[in-house]
Amino acid sequence: CEVNMTISKRMLVAVLAGFAALVTVDGAAAQVSVSQVEKAETVAELVALGATKLNAGQFKSNVVGQPIAGDGWTWTIDPDGTTSSAATDGSWAEDKAPWNMKGDAYCTPLEGAMACRDVYLIGSYMRMSDKADPAKLSDWTAKVGN
């Protein structure tokens with residue numbers, strides 16, 4: 001009985017510690033400012049703030065079909081494999097450009113080849129890894145959803 005009680009107590013402590021860590025991460029992500037998200041230059045910095053790297057399923061359920069807004073532009077990644085974006089001042093627009101997933105990476109055409117990036121979400125803000133250097137982040141931040 002004593003051995004079982006000790007194991008049970010240890011298991012309870014481990015479960016509670018895991019739950020506390022989960023609450024801390026979610027709480028930290030909820031307390032991060034947009035400015036902090038925008039200032040992150042590397043994937044490591046963004047992850048340290050509490051960002052989650054999305055897998056293909058998470059990307060499709062959290063980003064695809066949602067309105068996306070950046071600084072001076074809007075974007076929609078449609079479930080039909082196309083994406084549309086436009087400047088809010090009307091100076092440019094791109095309609096029905098192709099996209100796909102390669103594993104968990106979001107891919108779009110660039111100079112005759114597919115350029116793939118990892119996607120990170122922190123709260124309702126999205127960042128992507130840089131096309132040229134996956135350890136760095138793209139220079140934009142976007143809000144996903146309304």
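Student: Why are β6 and β7 said to pair in this predicted model?

Tutor: Pairing requires at least two bridges between two strands. Strand β6 (residues 100-102) and strand β7 (residues 105-110) have three bridges in the antiparallel sense, so they meet the criterion and count as paired. N100 has C107 in β7 as its bridge partner. Two residues lie between the strands of this hairpin, where G103 takes a positive phi near 65 degrees.

Student: How do you know that β7 and β8 pair?

Tutor: The cut-off is again at least two bridges. β7 and strand β8 (residues 113-117) share five bridges, in the antiparallel sense, and therefore count as paired. Y106 stands opposite R117 in β8. The hairpin of β7 and β8 has two residues between the strands, and E111 in the turn has a positive phi of about 50 degrees.

Student: Which residues are the closest to the centre of the largest pocket?

Tutor: The largest pocket holds about 290 Å³ of space. Of its 13 lining residues, W75, S85, E94, Y106 and R117 are the closest to the centre. At least two lining residues come from each of β3 (73-77), β4 (82-87), β5 (93-98) and β7.

Student: What makes W75 and Y106 nonpolar and E94 and R117 charged in this lining?

Tutor: Trp and Tyr count as nonpolar, and Glu and Arg as charged; W75 and Y106 therefore fall in the nonpolar class, E94 and R117 in the charged class. By class, the lining has eight nonpolar, three polar and two charged residues.

Student: Where does pLDDT stay under 50?

Tutor: Residues 2-28 stay under 50, and the model has one contact beyond four places in sequence for them. The chain averages a pLDDT of 85, with 79% of the residues scoring at least 70.

Key. Residues are numbered from 1 along each chain as its sequence is written. This is a predicted model: local features need pLDDT of at least 70, side-chain atom pairs count only at pLDDT 80 or more; totals for chains, interfaces and linings use all residues. Side-chain values use heavy atoms; hydrogens and water are left out. pLDDT is the predictor's confidence in each residue, from 0 to 100. Contact means heavy atoms within 4.5 Å. Helices (H or I, at least four residues) and strands (E, at least two) are DSSP runs, numbered from the N terminus. On a 1 Å grid over the protein atoms alone, a cavity is a set of points where a 1.4 Å probe fits but cannot get out, and a pocket is an open set with protein on both sides within 12 Å along at least five of seven lines; lining residues have an atom within 4 Å of a point. Grid points are joined across faces, edges and corners, and a volume is the space filled by probe spheres set on the points.
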